[in-house]
Amino acid sequence: ATATPSPSERAGVRHLKVALAGNPNSGKSTLFNILTGLNQKIGNFPGVTVDKKSGFSKIKGTAIEFIDFPGSYSLNALSEDEKVLPVVLNDKSNPVHPDVVLYVADATSLRRSLFLCTQIMDTGIPVILVLNMIDLLEKSDDEIDVTQLEKELGIKVIAVNARDAKGIEELKIALIEPLEFPKKKFLSEEIIESDNAKKQRTETIQRYKAIGEVLKKAVTKKESGLGSSLTKKLDNILTHRIYGFLIFF
């Protein structure tokens with residue numbers, strides 16, 4: 001089914017509310033600045049003292065409010081900043097509940113980045129996956145098949161380099177086109193567990209297993225690769241099914 005955006009119509013202008021989400025240091029704030037320029041303001045998210053940075057733009061007759069959410073690794077986060085995102089996404093009556101989520105991912109650390117992305121997709125809100133830092137990806141051993149990644153995730157995927165504005169026009173066009181609601185659920189079964197820590201651990205295992213299947217089909221190694229980067233080596237440890245949990249806890 002196609003998600004017809006639900007923002008109000010005022011004076012013949014279509015309005016759209018877009019959330020920017022992603023891991024810390026994914027380039028999310030850089031992208032926010034490119035999309036909004038100097039047309040920004042700072043306030044607070046409703047009910048909390050966390051700063052809310054919002055900006056405004058108009059793309060082909062569509063007025064868009066971009067909201068830059070605090071960087072996070074999971075919707076299960078405990079800090080006050082990170083709690084804002086799950087609260088807003090799960091409450092359609094919240095005044096900053098978005099019509100679309102732009103999920104900004106570091107293309108060189110896709111496995112780690114997709115954890116939060118798939119959690120957001122499971123809320124049912126339309127998502128565009130923005131693969132940032134593609135200039136660094138080109139220097140790594142990996143190649144991402146964007147078309148295949150779109151197919152496996154069931155959402156729109158756009159490669160950009162926020163630092164030099166590469167891919168930004170394509171992203172703007174995608175924002176104002178009709179988007180599909182996410183069809184794929186990344187938790188294979190409902191987790192029935194009273195202990196919250198055990199529940200999160202089970203979710204992590206299931207979600208990373210599903211992400212691994214996606215990456216097997218969408219990411220390949222370059223034949224002429226020069227070896228894994230430090231970041232990738234760290235990711236292999238941090239997302240390991242055993243060592244990853246030990247480090248996490």
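**Exercise 1: a buried salt bridge**

Start with aspartate 68 and lysine 28, which are both buried, in what is a predicted model. Work out how their side chains meet and which parts of the chain the pair ties together.

*Solution.*
- Step 1. Look at the side chains: aspartate 68 and lysine 28 form a salt bridge, with 2.6 Å from N to O. The cut-off for a salt bridge is 4 Å, so this pair passes.
- Step 2. Place each partner. Aspartate 68 belongs to strand S6, while lysine 28 belongs to helix H1 (residues 28–36).
- Step 3. Put that together: the two are 40 residues apart in sequence, so the salt bridge ties together parts that are separated along the chain.
- Step 4. Now widen the view. Lys53 joins Lys28 and Asp68 in a network of salt bridges.
- Step 5. For the total, a search of the whole structure turns up 10 salt bridges.

**Exercise 2: two salt bridges inside helices**

Compare the pair glutamate 169 and lysine 172 with the pair arginine 207 and glutamate 203. For each one, find the helix and say what separates the partners.

*Solution.*
- Step 1. Glutamate 169 and lysine 172 meet through their side chains at 3.8 Å, N to O.
- Step 2. Both sit in helix H6 (residues 168–176), and because they are 3 residues apart there, about one helical turn separates them.
- Step 3. Check the surroundings of glutamate 169: its relative accessibility is 54%, so it counts as exposed.
- Step 4. Turn to arginine 207 and glutamate 203, whose closest N and O atoms are 3.1 Å apart.
- Step 5. These two lie in helix H7 (residues 196–218), 4 residues apart, so about one helical turn separates them too.
- Step 6. Arginine 207 and glutamate 203 are both buried.
- Step 7. There's one more thing to spot about arginine 207: its charged end sits over the ring of phenylalanine 115, 5.9 Å from the ring centre.

**Exercise 3: a pair of rings**

Decide whether the rings of phenylalanine 45 and phenylalanine 69 are stacked, tilted or edge-to-face.

*Solution.*
- Step 1. You need two values, since a pair of aromatic rings is described by the distance of the centres and the angle of the planes.
- Step 2. For phenylalanine 45 and phenylalanine 69 the centres are 4.9 Å apart and the planes make an angle of 35°.
- Step 3. Stacked needs under 30 degrees and edge-to-face needs over 60, so this pair is tilted.
- Step 4. Find the rings on the chain. Phenylalanine 45 is in the loop between strand S4 (40–44) and strand S5 (51–59), and phenylalanine 69 is in the loop between S6 and helix H2 (80–89). The pair therefore ties together parts 24 residues apart in sequence.
- Step 5. Check burial: phenylalanine 45 has 2% relative accessibility and counts as buried, and phenylalanine 69 is buried with 0%.

**Exercise 4: around threonine 62**

Find out whether threonine 62 is buried or exposed, and which residues it contacts beyond its neighbours within four places in sequence.

*Solution.*
- Step 1. Threonine 62 is part of strand S6, which covers residues 62–68.
- Step 2. Its relative accessible area is 4%, so threonine 62 is buried.
- Step 3. With the neighbours within four places left aside, its contacts are Arg14, Leu16, Ser57 and Ile176.
- Step 4. For the wider setting, 49% of the 249 residues of the chain count as buried.

**Exercise 5: two positive phi values**

Look at lysine 60 and alanine 165, and say where each one lies and how exposed it is.

*Solution.*
- Step 1. Recall the background: most residues other than glycine have a negative phi.
- Step 2. Lysine 60 has a positive phi, near 45°. It lies in the loop between S5 and S6, and with 71% relative accessibility lysine 60 counts as exposed.
- Step 3. Alanine 165 also has a positive phi, near 65°. Its place is the loop between strand S10 (156–159) and H6, and alanine 165 is partly exposed at 39%.

**Exercise 6: a nonpolar patch**

Find which elements give two or more residues to the nonpolar surface patch that includes Leu234 and Ile247.

*Solution.*
- Step 1. List the members: Leu234, Ile237, Leu238, Ile242, Tyr243, Leu246 and Ile247, together showing about 690 Å² of accessible area.
- Step 2. The elements are helix H8 (230–238) and helix H9 (243–248).
- Step 3. Zoom in on leucine 246, which lies in helix H9 and is exposed, with a relative accessible area of 63%.

Terms used: Residues are numbered from 1 along each chain as its sequence is written. This is a predicted model: local features need pLDDT of at least 70, side-chain atom pairs count only at pLDDT 80 or more; totals for chains, interfaces and linings use all residues. Side-chain values use heavy atoms; hydrogens and water are left out. Buried means under 20% relative accessible area, exposed over 50%, partly exposed in between (1.4 Å probe, protein chains only). Contact means heavy atoms within 4.5 Å. Patches are made of residues with over 30% relative accessible area and no salt bridge: like charges are joined within 9 Å, nonpolar side chains (Val, Leu, Ile, Met, Phe, Trp, Tyr) within 5 Å. Accessible areas come from the Shrake-Rupley method with a 1.4 Å probe; for residues, only the protein chains shown count as cover. Rings of Phe, Tyr and Trp (its six-membered ring) pair if their centres lie within 6.5 Å; planes under 30 degrees apart count as stacked, over 60 as edge-to-face and the rest as tilted. A charge sits over a ring if NZ of Lys or CZ of Arg is within 6 Å of the ring centre and within 35 degrees of the ring normal.
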